[in-house]
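Grab a pencil and work through these exercises with the structure open beside you. Try each task before you read its solution.

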Amino acid sequence: MAEIIAALDEQGANTMLDTVIGAIPAQSKSGSGNLGPFVASYSVVATLTSGDVDLIPPDIIRLVDLRVNWDLDLSFGFDLSSILPDFCLPRVCIPIPCVGDVCTPRICIDWPTISIPVSFGDFVKATGDFRLDISLVGGIWKVQGVIVGIPNLQFGATTALLLAAIGAAVTPILLVIPFIGPFLAIAVNAILLAIGIAGVTGFLGPILTPFISGMKIPIYKQPKLFPILPAESPVDPQVDMTIDLIAAAVAHNGAEDELVLTADVSP
Amino acid sequence: MTRIGGFAMINTLDSRALQRTDCYGQRFMKAGDYKYNIVLAHGALISTDRPFVVSVMDTDTKSGMKQHDVQIKSGAGKFQVPNQKLIINVGDMVMWNCSDRDAPPYAVVGDHEFFNRNRLVNESGFSHAFGTAGDFHWVDAHGSGAAGIVRVSDPRCKSEEDIKRWQQRLAKGTLVTISTENVEPAEVEIVTGQTVFFIVTKCKGISITDAQLLNRSTDETGIGKAGSASRQKQPKSDKPREKPKSK
């Protein structure tokens with residue numbers, strides 16, 4: 001029988017995981033991804049907020065509505081001519097008194113390449129199952145929850161909001177392009193339609209999923225050998241304790257489920 | 001000025017530095033060979049090469065003025081024309097334009113007065129298509145005092161019909177005639193994309209230059225009070241207004 005037993009009910013596990021997940025520092029990454037037909041470079045910073053804990057025997061901690069708060073800077077460039085037909089000024093003739101007509105040639109304008117920077121922040125929720133994992137590495141016992149599988153991110157209104165942010169970022173850039181004024185609405189719509197909801201989801205998913213898919217929640221960490229009484233004198237030396245074995249499980253105990261840690265110790 | 005895509009979208013108003021939606025025209029009233037070059041803007045004093053020539057022939061027949069369009073091609077900082085020698089008759093007009101996407105601002109320069117130092121003189125003209133809305137106060141960069149204003153309003157196209165109507169309006173040009181220091185009319189109103197012809201009938205040599213490029217206050221133009229920065233405006237008629245005052 002284990003010498004030490006510690007148990008947490010779901011309420012206690014909620015409190016503990018709030019603290020533990022809240023202590024995970026902000027994570028960042030950068031790279032490039034496909035935003036619809038465009039290639040966008042990005043940098044993203046994400047922090048995690050714990051959701052509601054559901055303990056599921058024998059070894060699963062389910063976090064419902066685990067939240068990823070993210071701030072994204074993205075930039076994508078493209079040739080406007082790829083979404084707008086080139087535009088031609090017609091031949092313009094004007095009669096000059098005593099001289100005759102003077103005409104300009106037809107002048108065609110191919111649109112420039114533009115770069116659109118967008119900053120946007122939001123959160124996304126996911127439900128993740130974490131399996132209890134116990135290890136002894138380098139003389140340290142560790143108990144952690146390791147996520148099982150790849151959770152499905154629930155983007156909800158985020159995609160529409162990011163599309164709106166892209167539209168808002170595109171407009172002032174297009175406004176300064178000569179001759180585009182009358183086509184402004186067409187150009188903005190063409191860009192947003194080219195990206196679409198699917199494009200935004202396809203862009204955000206691969207960026208944000210790794211913040212959760214590789215996630216490990218530290219639950220308990222203790223050296224295998226640790227002092228329980230300090231040395232008092234040369235004839236009263238330090239007293240150490242050895243943790244021979246640690247086990248962790250989710251157990252059903254009466255009306256509720258508990259997270260239970262047990263340890264076998266020896267002097 | 002939009003510095004997107006290199007030189008592709010520069011649309012400043014300056015007859016000394018021609019751009020893709022500008023045309024420079026010169027009417028030749030005397031027979032002879034007129035050698036010229038096309039150089040980077042403001043490079044007239046540096047370049048002495050004159051590889052191209054307009055050969056003006058005397059003719060007995062009295063026909064009307066004929067216009068000859070010269071489409072300039074640019075590449076690697078140099079400019080080429082289709083025919084090194086262009087033969088025309090006395091009284092004809094030559095119109096130069098370079099609509100290449102990456103063409104830098106340029107000038108047509110020669111050894112005769114009208115090809116010299118980027119000045120518009122007798123029987124010459126300059127056209128500019130205005131790509132953005134706003135009030136464009138122009139002045140003569142050479143200090144003659146000639147000045148004017150082009151008020152460009154956004155056509156506010158909301159439907160296909162609006163765009164069609166706007167495109168039809170683009171074919172209609174607006175004429176500004178400059179004689180000595182008289183500008184007629186000194187103020188014109190157009191919509192985005194329309195072209196203004198500045199025709200010089202008699203002048204020692206002026207430029208049509210956005211006052212902002214010269215860091216001139218709009219008061220110096222003597223017309224209006226708005227700046228030349230782009231400002232969206234309600235669509236207005238493209239009829240020229242009466243000249244506010246003579247210079």
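Accessible areas here come from the Shrake-Rupley method with a 1.4 Å probe. Keep in mind that this is a predicted model.

**Exercise 1. Describe the surface and the interior of chain A.**

Solution. Start outside: the accessible surface of chain A is about 12600 Å². Carbon and sulfur atoms own 59% of that surface. Now go inside: of the 267 residues in chain A, 43% are buried.

**Exercise 2. Work out whether chain A is spread out or a compact globule.**

Solution. First, take stock of the parts: chain A has three helices and 15 strands. Next, compare two numbers: the globule rule gives 18 Å for 267 residues, but the radius of gyration is 30 Å, so chain A is more spread out than a compact globule. Finally, look at the box around the C-alpha atoms, which is roughly 120 × 50 × 20 Å along the principal axes.

**Exercise 3. Check the length of helix H2 of chain A, then find what its buried residues pack against.**

Solution. Step one: H2 covers residues 158–175, and because each residue adds 1.5 Å, its 18 residues should span 26 Å. The end C-alpha atoms are 26 Å apart, so the two values agree. Step two: pick out buried residues of H2(A), among them Leu162(A), Ile166(A), Ala169(A) and Ile173(A). A handy rule is that residues three or four places apart point the same way, because an α-helix has 3.6 residues a turn. Step three: the partners of the buried residues of H2(A) are strands S2 (27–35), S5 (60–79) and S10 (113–137), plus helix H3 (184–213), of chain A.

**Exercise 4. Count the charged side chains of chain A.**

Solution. You should get 11 positive and 25 negative side chains. The centres of these two sets are 11 Å apart.

Notes. Residues numbered from 1 in each chain as written. Chains lettered and ligands numbered in written order. Predicted model: local features only at pLDDT ≥ 70, side-chain atom pairs only at ≥ 80, totals over all residues. Heavy atoms only, no water. Helix = DSSP H or I, 4+ residues; strand = E, 2+ residues; numbered from the N terminus. Expected span 1.5 Å × (residues − 1). Buried < 20%, exposed > 50% of the residue type's maximum accessible area, 1.4 Å probe, protein only. Contact = heavy atoms within 4.5 Å. Rg over C-alpha atoms; globule rule 2.2 N^0.38 Å. Lys, Arg positive; Asp, Glu negative; His and termini not counted. Charge placed at Lys NZ, Arg CZ, Asp CG, Glu CD.
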